[in-house]
Amino acid sequence: MDALIIIATGCLVAISCGILGSFLVLRKMAMVSDAISHAVLPGIVIAFLLGSDMDSLGMVLGAGLIGILTTFLIEFFHQKGKLQTDASIGVTFTWLFALGVILISYYAGDAHIDEDCVLYGEIAYTPLDLIYLENGTILGPKALIVLSVILLLILAFVVLAWKEFFITSFDPAFSISVGISSTIWHYVLMSLVSLTTVASFESVGAILVVAFLITPAATAYLITTNLMKMIYYSCFFGTLSAIFGYYLAYAIDGSIAGAMATVAGIMFFIVFLVQQFQKKRIRATV
């Protein structure tokens with residue numbers, strides 16, 4: 001049963017990240033997810049210092065606000081400072097992450113918000129972290145419930161605003177001409193990425209969140225340029241990574257999150273090599 005809960009948690013993260021990651025890869029903003037996953041650390045610490053505990057909504061809101069601030073600063077330095085996007089990302093997330101490390105060192109050294117927890121997560125403990133009602137009834141594993149709500153929220157946004165996400169991803173100039181603000185939908189997408197990152201990293205860690213946001217979507221992009229198919233393939237590869245990653249970690253008695261990210265990378269290389277072989281064969285037959 002514990003294995004099923006861990007795998008289900010990994011699959012929920014993989015599907016949520018697969019949907020959002022497809023848009024990030026198409027917009028050439030994949031590394032923004034890496035920036036957000038690191039930059040939310042000061043938001044977590046500040047929320048903790050203001051009186052919120054690790055399980056509170058205040059912690060999620062604090063980290064989420066810093067995530068949105070991160071995307072704003074990246075765009076601001078890129079648009080106003082004429083910095084290249086990668087330089088803007090590097091400058092923003094490194095100093096915010098460093099600020100979070102300093103805050104932990106000075107003010108929250110005894111709290112369970114160390115860098116290892118944020119980066120690597122504790123997905124193996126997911127079955128033990130339960131939600132209790134006031135009458136003592138166990139509602140279920142916290143990560144499973146929270147991530148299910150996040151996935152439903154993402155699906156609702158994508159289904160209801162599919163046209164807006166689609167047009168602003170492929171042609172921002174055309175979206176302005178038809179009255180769709182690419183800026184507003186950019187921040188809506190980044191807010192969803194921030195929320196997913198914050199909700200996921202406590203259980204699976206920031207590294208696995210970044211891996212699931214980028215690698216399955218990049219793998220899917222090798223196969224198709226159709227957005228809908230890309231999302232399906234991305235979720236499929238992410239889910240397979242979560243399942244096989246768990247059993248790989250079980251076999252080698254290693255990190256579950258690390259094994260899931262490794263399997264995702266192996267799938268990318270397999271698809272890449274198959275695609276290169278097919279291209280070579282087609283050129284040989286022409």
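This section describes aromatic ring pairs, one pocket and one sequence-distant contact in a predicted model.

Under the ring-pair criterion, with ring centres within 6.5 Å, the count comes to 11 aromatic pairs. One of these is formed by Phe166 and Phe170, whose ring centres lie 4.9 Å apart with the planes at 45 degrees, so that the pair is classed as tilted, an angle neither under 30 degrees nor over 60. Both residues belong to helix 8, which spans residues 162–170, and they are separated by four residues, about one turn of the helix. With regard to solvent accessibility, Phe166 has a relative value of 35% and counts as partly exposed, and Phe170, with a relative accessible area of 42%, is likewise partly exposed.

A pair with another geometry occurs in helix 13, where Phe268 and Phe272 are stacked, with 6.3 Å from centre to centre and 15 degrees between the planes. Helix 13 comprises residues 256–285, and the two phenylalanines within this helix are again four residues apart, about one turn. Phe268 is partly exposed at 23% relative accessibility, a value that falls in this class because the buried class is limited to residues under 20%. Phe272, at 33% relative accessibility, also counts as partly exposed.

Beyond the individual pairs, ring pairs join Phe23, Trp162, Phe165, Phe166, Phe170 and Trp185 into a cluster, and the tilted pair of Phe166 and Phe170 is therefore part of a set of linked rings.

The second largest pocket has a volume of about 410 Å³. Its lining consists of 17 residues, and those that lie nearest the centre of the pocket are Arg27, Met29, Glu75, Gln79 and His186. Two or more lining residues are contributed by each of helix 4 (57–79), helix 8 and helix 10 (182–204). By residue class, the lining of this second largest pocket divides into six nonpolar, eight polar and three charged residues. Helix 8, which holds the tilted pair of Phe166 and Phe170, is thus among the elements that give two or more residues to this lining.

Helix 13, which carries the stacked pair of Phe268 and Phe272, also contains Ala257. In contrast to the partly exposed Phe268 and Phe272, Ala257 is buried, with a relative accessible area of 8%. Ala257 and Ala206 are separated by 51 residues in sequence, whereas their C-alpha atoms are 9.7 Å apart in space.

Definitions and conventions. Residues are numbered from 1 along each chain as its sequence is written. This is a predicted model: local features need pLDDT of at least 70, side-chain atom pairs count only at pLDDT 80 or more; totals for chains, interfaces and linings use all residues. Side-chain values use heavy atoms; hydrogens and water are left out. Rings of Phe, Tyr and Trp (its six-membered ring) pair if their centres lie within 6.5 Å; planes under 30 degrees apart count as stacked, over 60 as edge-to-face and the rest as tilted. Buried means under 20% relative accessible area, exposed over 50%, partly exposed in between (1.4 Å probe, protein chains only). On a 1 Å grid over the protein atoms alone, a cavity is a set of points where a 1.4 Å probe fits but cannot get out, and a pocket is an open set with protein on both sides within 12 Å along at least five of seven lines; lining residues have an atom within 4 Å of a point. Grid points are joined across faces, edges and corners, and a volume is the space filled by probe spheres set on the points. Ala, Val, Leu, Ile, Met, Phe, Trp, Tyr, Cys and Pro count as nonpolar, Asp, Glu, Lys and Arg as charged, and the others, Gly among them, as polar.
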